[in-house]
Amino acid sequence: MDRLGGCRPLKAVAIAPGKVILYGEHFVVYNVPAIVMAIDRVVKVSVSIREDGSLRICSDLGFACEYKNGAAKPLMGGKKSVSFLEPVRIAAKTVLDHFDERKGLNIDVYSTIPSSVGLGSSGAISVATVAAVSKVLGHEIDKEQIWRLSLQAERYVHVTPSGVDPLISVYGGLLVWRIQDGSKPKRINRDIDLVVGNTGIQRSTGKFVSIVSRKKTKKIEGISQLMGVMNWISNLALKAFKEMDLVILGVLMNMNHELLKVIGVSHESLDRLVEAVRKAGALGSKLTGGGGGGCMISLTTLSKRAAVCKAIEENGGQPMVVRKNNAGVRAWLVKS
Ligand code: MEV
């Protein structure tokens with residue numbers, strides 16, 4: 001009860017994980033299977049209802065905006081806050097429209113996923129926003145609906161996304177998925193030892209998705225033929241997971257990195273880290289996510305983990321040991 005004796009208004013909180021793509025980024029946009037793992041870095045979105053009907057979004061990265069009568073007013077972080085928070089606004093509006101609701105909302109976003117480096121922070125933010133807004137409005141939605149509703153915001157960020165980022169954030173775990181599977185990814189019940197290397201170079205995944213799309217349309221660099229090669233790599237990786245053949249998984253990661261280089265989405269800072277961790281004893285390594293900077297991953301063993309982390313640091317990157325998040329998105333109500 002509040003001080004006036006009424007019921008306290010409710011707040012909904014949702015948590016959603018980031019991800020690393022182990023095999024198949026970019027190619028997954030063209031229906032090639034990707035293998036992707038949710039990680040133990042999450043975003044938390046909390047939402048309460050505003051009586052004045054307006055929308056206010058605030059991020060712990062120093063951005064805040066208020067939206068009234070269709071206009072966005074930056075409250076913190078200047079004009080950049082409008083584009084930064086746009087996926088959150090789109091995700092919230094998609095849910096309001098879906099349920100034909102006209103309520104105002106306060107949305108607060110907190111993240112432990114570094115942003116714009118290929119670890120799925122924008123997908124996780126969209127997913128957590130959809131889940132928390134639905135919850136605070138009193139609508140129970142299942143995981144498939146959360147994924148479908150979050151695709152609208154994902155399109156703003158990745159231009160022509162496959163949907164894999166929000167998908168892994170919704171379901172969690174280690175999944176193999178291609179576009180034609182829709183909301184039915186297959187789980188791989190395995191754990192692997194992974195170290196992420198963050199180059200610290202922030203970039204836009206949407207830009208690199210568009211670059212690949214242009215090359216594919218113009219049929220340059222044999223991208224269409226490479227789709228077949230990537231398909232083969234992903235299927236072999238799935239088989240290697242079944243047999244838990246880490247050596248083959250590592251070799252396939254190295255091959256995947258070469259393909260990503262050929263289609264033009266790597267970066268010298270990524271190639272440097274990829275080479276350095278192999279020399280330090282990683283079983284395999286590749287860029288992860290959109291490329292052009294951002295992060296790479298190394299498949300390692302416990303005995304080589306420290307050496308791999310050191311190699312990343314010595315070559316200008318920031319190492320992060322990541323573990324699998326099995327839960328995916330979760331949302332609940334709290335008394336505010
Ligand atoms: C980004 O994490 C993955 C990409 O394949 C884009 C997408 O599938 O939407 C580059």
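## Close-up views of the ligand site

**View 1. The shell around the ligand mixes three kinds of residue.** In this predicted model, the residues of the shell around the ligand divide into 6 nonpolar, 5 polar and 3 charged. There are 14 residues around the ligand, and those that come nearest are Lys-19, His-26, Pro-161, Ser-162 and Asp-165.

**View 2. Polar side-chain atoms meet oxygen atoms of the ligand.** Start with Ser-162: an N or O atom in its side chain is 2.6 Å from an oxygen atom of the ligand. Then find Asp-165, where a polar side-chain atom lies 2.9 Å from an oxygen atom of the ligand. For Lys-19, the distance from a polar side-chain atom to an oxygen atom of the ligand is 3.0 Å. How much of the ligand does the protein bury? Taken alone, the ligand exposes 290 Å², and the protein buries 100% of that.

**View 3. The ligand takes up the space of a pocket.** That space is the largest pocket. Which helices and strands each supply at least two residues of the shell around the ligand? Look for the strand β1 (10-23) and the helices α4 (164-171) and α5 (205-217).

**View 4. Two domains share the ligand.** Where does the ligand lie relative to domain 1 and domain 2? Domain 1 covers 11-188 + 325-334, and domain 2 covers 194-322. Both give residues to the shell, so the ligand lies between them.

Terms used:
Residues numbered from 1 in each chain as written. Predicted model: local features only at pLDDT ≥ 70, side-chain atom pairs only at ≥ 80, totals over all residues. Heavy atoms only, no water. Near = heavy atom within 4 Å. Polar contact = N/O pair within 3.5 Å; in protein donor to acceptor, adjacent residues only side chain to side chain. Areas by Shrake-Rupley, 256 points an atom, 1.4 Å probe, with all protein chains shown as cover. 1 Å grid on protein atoms, 1.4 Å probe; cavity = no way out; pocket = protein on both sides within 12 Å on 5 of 7 lines; lining within 4 Å. Sits in = over half its atoms within 2 Å of the grid points. Helix = DSSP H or I, 4+ residues; strand = E, 2+ residues; numbered from the N terminus. Nonpolar A, V, L, I, M, F, W, Y, C, P; charged D, E, K, R; others polar. Domains from an automatic or database assignment.
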